[in-house]
Amino acid sequence: MKITEFIVENLLRKNLILYKLSWKLYNNLVFKKKIEKDRKKFFSKIKKIEPIISKVVDTSYKPDINVIKITIDCLRNDHMSYNGYERETTPFIDSLKGYRTTMISPSSWTYPALASILTGLYPHNHGAILNGKIRKFDIKGLRPLKRGVITINELLYLLGFNTYSIAPIDLAIYATKGRWCLQELIPLSNAEFIISNVIDWISNNMKENKNFFAHVHFGDLHEPINPPKKFRNYFGKIDKLPNIENWAFQKPETQRGREFEKYKENKILLYDNTLRYVDHILERFYEFLEDQGLLDSTVVIITTDHGEEFWDHAELEAKHFYDVRGYAGIGHGHSVFNELIQVPLIMHGPNVPNRQDDKLVSGVDIVPTVLDLLEIQHHIFLDGLNIFKAPTKRVLISENTIHGYEKRALIYNNYKFIYSQDDDVSWIFNLKKDPYERNPIVDEELSKMFMSKLHKLTSEKMILWKV
Ligand SMILES: [Zn+2]
């Protein structure tokens with residue numbers, strides 16, 4: 001057992017204070033030097049790029065608004081109770097005033113999707129992708145952000161912000177490693193522990209009297225799913241089943257019968273119980289923000305990097321898409337169906353309208369929207385648009401899948417086009433008539449049109465900054 005797993009198994013579930021103390025000890029022994037190294041790297045690098053950035057951004061202007069971005073890994077749009085889900089999974093999020101809509105994730109897995117959320121660029125433009133024709137996840141296959149790509153964290157730092165990123169999953173920090181004033185990776189930590197660190201950081205930051213940008217990533221809904229005891233059986237008791245915290249029934253031939261149905265039911269129940277726990281921790285975090293008087297001066301964004309599949313498209317996947325692992329229907333990263341790329345977006349704070357929208361937006365829209373909300377003047381090349389000004393009808397894409405061949409999705413109005421050249425898939429779905437993407441339409445003429453749009457959109461753009 002790894003030391004981090006030992007700490008979580010033995011302390012976190014029983015006593016948060018003990019966990020915190022042991023984490024600090026472990027952190028001092030192992031991570032502190034790494035974090036310091038990254039900090040030094042950040043401060044020396046940012047000095048070098050400042051003159052270039054000041055050509056495309058008005059760095060003399062200092063906005064007076066904080067920004068908090070919360071990404072809840074593996075969060076499904078259709079499991080939010082405000083979207084009519086059968087269990088009341090998110091009563092606190094439901095109660096928030098502000099803007100909410102459905103977002104298309106630029107990719108169905110963590111690394112490229114979070115890079116898009118922090119750069120405003122699609123994966124083919126920011127470059128933080130998994131490379132290769134037949135993909136099999138390997139950390140060595142990850143490409144870094146392209147030279148010249150600027151993240152919103154670096155930009156806000158140059159405008160006087162302190163910046164902070166915290167995550168329990170390594171892939172959530174890799175793409176922007178060394179680009180923050182402080183970036184912490186706390187493996188396997190739960191939402192409560194993550195938030196206690198965020199609260200410490202914000203409280204320290206308030207003493208400095210500087211604006212801040214914090215990116216908070218939760219991994220509770222990502223396997224291994226292990227909510228605290230109080231929430232584990234929240235909507236119903238979880239049966240003791242092998243691998244319920246990770247995945248069983250991965251192979252198509254095992255995905256039938258009573259045992260499978262029982263496992264599936266329990267797996268989804270565990271996910272929902274855990275989502276209710278995350279919602280509860282968010283409520284406590286908001287109590288802190290309110291107590292500190294921060295809510296009126298802070299833009300808060302709650303979203304995710306991607307959703308999670310519970311065998312929604314297992315049959316179609318097993319039949320039509322090659323997966324090196326021989327898996328179908330579980331987890332994320334392997335497909336572009338809606339359970340993975342249609343995700344929630346909630347936003348509130350100064351200048352944010354108060355309404356629920358039915359307009360689809362993209363993860364690449366978050367950066368341009370925040371820059372506009374903060375009234376920052378810039379000429380940075382961005383794939384996204386300001387969410388509040390973007391047209392209702394527009395083409396959005398999702399790309400860079402892992403596990404097998406590349407699969408891309410293009411969404412336009414009620415249509416969705418799924419394309420995988422090597423799997424020989426060129427499907428159209430009418431989402432109004434077929435919202436669960438059960439019946440792919442094969443229409444050569446329409447496919448040709450979508451393919452040329454997709455090709456045009458995913459062609460590499462060489463100019464990253466409009467100077
Ligand atoms: Zn993720």
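Okay, let's start in the loop between α9 and α10, because that is where Asn 243 sits, helices being DSSP runs of H or I with at least four residues, strands being E runs of at least two, both numbered from the N terminus. Asn 243 has a positive phi of about 60° although it is not a glycine. Is Asn 243 buried or exposed? Neither, quite: with 13 C-beta neighbours inside 10 Å it counts as partly exposed. The cut-offs are these: 20 or more other C-beta atoms within 10 Å makes a residue buried, 12 or fewer makes it exposed, anything in between is partly exposed, and the C-beta atoms are placed from the backbone.

Quick housekeeping. Residues are numbered from 1 along each chain as its sequence is written. And this is a predicted model, where local features need pLDDT of at least 70, side-chain atom pairs count only at pLDDT 80 or more, and totals for chains, interfaces and linings use all residues.

Back to the loops. Asn 209 also has a positive phi, near 60°, and it isn't a glycine either. You'll find Asn 209 in the loop between α8 (191-208) and β5. It has 6 C-beta neighbours inside 10 Å, so it counts as exposed. Then there's a cis peptide bond, from Glu 223 to Pro 224, with omega near -5°. Pro 224 belongs to the loop between β5 (212-218) and α9 (229-232).

Now the whole chain. There are 14 helices and 14 strands. The radius of gyration, taken over C-alpha atoms, is 21 Å, close to the 23 Å that the globule rule (2.2 Å times the number of residues to the power 0.38) gives for 467 residues, so the chain is as compact as a globular protein of that length. The C-alpha trace spans about 60 × 55 × 45 Å along its principal axes. Of the 467 residues, 46% count as buried. As for contacts (C-beta atoms, placed from the backbone, within 7 Å), take those between residues at least 6 apart in sequence: 70% of them join residues at least 24 apart.

On to the inside. In soluble globular proteins, nonpolar side chains tend to be buried together. A nonpolar core here means buried Ala, Val, Leu, Ile, Met, Phe, Trp, Tyr and Cys residues joined through C-beta atoms within 7 Å. The largest one has 105 residues, and those with the most contacts inside it include Leu 114, Ile 194, Val 278 and Ala 409. Which helix gives this core its largest share? That's α10 (residues 258-291), with nine residues. Beyond four places in sequence, Val 278 touches Ile 72, Ala 191, Phe 218, Asp 220 and Leu 221.

Helix α10 also holds Leu 289. That leucine is partly exposed, with 18 other C-beta atoms within 10 Å. Leaving aside neighbours within four places, Leu 289 is in contact with Leu 294, Leu 295 and Thr 298. Leu 289 and Asn 162, by contrast, are 127 residues apart in sequence and 17 Å apart in space, C-alpha to C-alpha.

Next, the sheets. Strands of a sheet pair through backbone hydrogen bonds, either parallel or antiparallel; for us, two strands pair if DSSP finds at least two bridges between them. One open sheet has eight strands in the order β4-β3-β5-β1-β6-β9-β2-β10, with mixed pairing. At its edges stand β4 (182-185) and β10 (355-362), each with a single partner strand, so one side of each is left without a neighbour in the sheet. β1 (residues 66-72) and β6 (residues 298-303) run parallel, joined by six bridges. If you want a spot to look at, Lys 69 stands opposite Ile 301 in β6.

The other open sheet I'll show has four strands, β11-β12-β13-β14, with antiparallel pairing. Here β11 (395-398) and β14 are the edge strands with a single partner each, so each has one side without a neighbour in the sheet. β12 (residues 408-412) pairs with β13 over five bridges, and Leu 410 stands opposite Phe 417 in β13. β13 (residues 415-420) and β14 (residues 425-430) pair over six bridges, with Lys 416 opposite Phe 429 in β14.

Last stop: how many residues lie between β13 and β14 in their hairpin? Four, and Asp 424 in that turn has a positive phi of about 60°.

Definitions and conventions:
Contact = placed C-beta atoms within 7 Å.
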